[in-house]
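Trainee: I am new to this structure. Please take a close look at one part for me, the surroundings of the ligand, and show me what they are built from.

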Amino acid sequence: MFKRPRPTYDVTVGAVTPLTSTLLRITFTGPDLAGLVIEHPTQWVKLAIPEGASRAYTIRHHRPADHETDIDIVLHGNGPLARWAATARPGDRARLAGPRGRHPDFDGAAHVLLAADESALPAALTILEQLRPDVEVSAYFEIATADDTLPLPDRPGITATWLPRSTGPGTYGHPKGCLLTETLLATDIPPGTIAWLAGESTGIATVRRHLLTDWSLPRDHVHAKGYWKHGEADHKG
Ligand SMILES: Cc1cc2nc3c(=O)[nH]c(=O)nc-3n(C[C@H](O)[C@H](O)[C@H](O)COP(=O)(O)OP(=O)(O)OC[C@H]3O[C@@H](n4cnc5c(N)ncnc54)[C@H](O)[C@@H]3O)c2cc1C
């Protein structure tokens, strides 16, 4: 089907800020960003680098009046975008196209279940920052080590479980995605739950099926997206 081209925005790396051992914040700048309109949580853009590759990344913060946008990038070391980010310096050029992404609907939720690995943590945090304050949230975040947690928004009713793949030097590290999947398969789901899940594609698909079949959540109460897939470059979730 014909896809309408998205507006593009020429940007420059303004700042590079390590957030955790695996997440790097790149602050992009450029006058074009005054025209980028971000209206709801989890919106994303295609980030294109001069070498030609482009991949999907969440808009973590957008400050149009300052012509600035933050994108938090996982340094997994294995693809063109992760490699570009690891060596990005102020002044480097890139292009954003978008924004894209549906508004995840949490209307009527008695309880929200959020599940994410590092690649989806930026999007999950945009949800947490904008959810109604009276809704209870259970959040499960898979991270590399126990030192890789991030501050959560100061709001009541969040129960956060951080799931470090490695528990210390020399210890067995769980393969990416497994801990999140196993934890969610063993978690009770309260009535009235609306779930948002994103991360490694196979694990997310397994948890989605589990919520639909074993917990009988309605389809429109499970927002699930594979953000990347083991062994597959440029996975389209
Ligand atoms: C809507 C949406 C929003 C997203 N938002 C973000 C975001 O804010 N931050 C972010 O970091 N990512 C985000 N992602 C995921 C990102 O687009 C992918 O991780 C992408 O594959 C990275 O491109 P790459 O060039 O580094 O690797 P690719 O060339 O796509 O893949 C190369 C290899 O690396 C592996 N790989 C890819 N991603 C990961 C990973 N995270 N961990 C381990 N191995 C990996 C692949 O399995 C493949 O074997 C988002 C994805 C979607 C669909």
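Mentor: We begin at the ligand and then follow the parts around it outwards. This is a predicted model, where local features need pLDDT of at least 70, side-chain atom pairs count only at pLDDT 80 or more, and totals for chains, interfaces and linings use all residues. Residues are numbered from 1 along each chain as its sequence is written.

Start with the shell. The ligand is surrounded by 29 residues. A residue counts as near the ligand if its C-beta atom, placed from the backbone, lies within 6 Å of it. T58, V74, G79, L81 and A82 are the closest. Sorted by class, the shell holds 14 nonpolar, nine polar and six charged residues. Here Ala, Val, Leu, Ile, Met, Phe, Trp, Tyr, Cys and Pro are nonpolar; Asp, Glu, Lys and Arg are charged; the others, Gly among them, are polar.

Which elements supply at least two residues of the shell each? They are β4 (54-58), β6 (68-74), α1 (80-86), α2 (121-130) and β12 (222-228). With four residues, β4 gives the most. Helices (H or I, at least four residues) and strands (E, at least two) are DSSP runs, numbered from the N terminus.

Now the setting. The protein has domain 1 (8-100) and domain 2 (111-228), with bounds from an automatic or database domain assignment. Both domains give residues to the shell, so the ligand lies between them. Taken over C-alpha atoms, the domain centres are 23 Å apart. Eleven residues of domain 1 and twelve residues of domain 2 make the contact; two residues are in contact if their C-beta atoms, placed from the backbone, lie within 7 Å. The side of domain 1 that touches domain 2 has four nonpolar, five polar and two charged residues.

Next, the strands. Strands of a sheet pair through backbone hydrogen bonds, either parallel or antiparallel. In this description, two strands pair if DSSP finds at least two bridges between them.

Shell strands β4 and β6 belong to an open sheet of seven strands, ordered β4-β3-β7-β1-β2-β6-β5. Its pairing is antiparallel. β4 and β5 (61-63) are the edge strands, each pairing on one side only. From one strand to the next, the twist averages 35°. Look inside this sheet at β3 (residues 44-48) and β7 (residues 93-100): they run antiparallel and are joined by four bridges. K46 has A97 of β7 as its bridge partner. P99 also sits in β7. The peptide bond between G98 and P99 is cis, with omega about 5°. H67 lies in the loop between β5 and β6. Its phi is near 60°, a positive value in a residue other than glycine.

Shell strand β12 belongs to another open sheet. This one has five strands in the order β10-β9-β8-β11-β12, with parallel pairing. β10 (158-166) and β12 stand at its edges with a single partner strand each, so one side of each has no neighbour in the sheet. The twist averages 10° from one strand to the next. Within this sheet, β8 (residues 111-116) and β9 (residues 136-145) pair in the parallel sense over six bridges. A115 stands opposite Y140 in β9.

Helices lie against this sheet. The shell helix α2 lies across β8, β9, β10 and β11 (193-200), at about 160° to β8. Axes are lines fitted to C-alpha atoms, for helices over the stretch in contact, and angles run from 0 to 180 degrees between N-to-C directions. α4 (residues 201-213) packs on the sheet too, touching β8, β11 and β12, and its direction makes about 160° with that of β11.

Finally, α4 has a helix partner. The axes of α3 (residues 178-185) and α4 come within 9 Å and cross at roughly 5°. The two helices are therefore roughly parallel to each other, a term for angles under 35 degrees. C178, L180, T181, L184 and L185 of α3 meet G203, T206, V207 and H210 of α4. These contact residues divide into five nonpolar, four polar and no charged.

Key. Angles under 35 degrees count as roughly parallel, over 145 as roughly antiparallel, 65 to 115 as roughly perpendicular and the rest as oblique.
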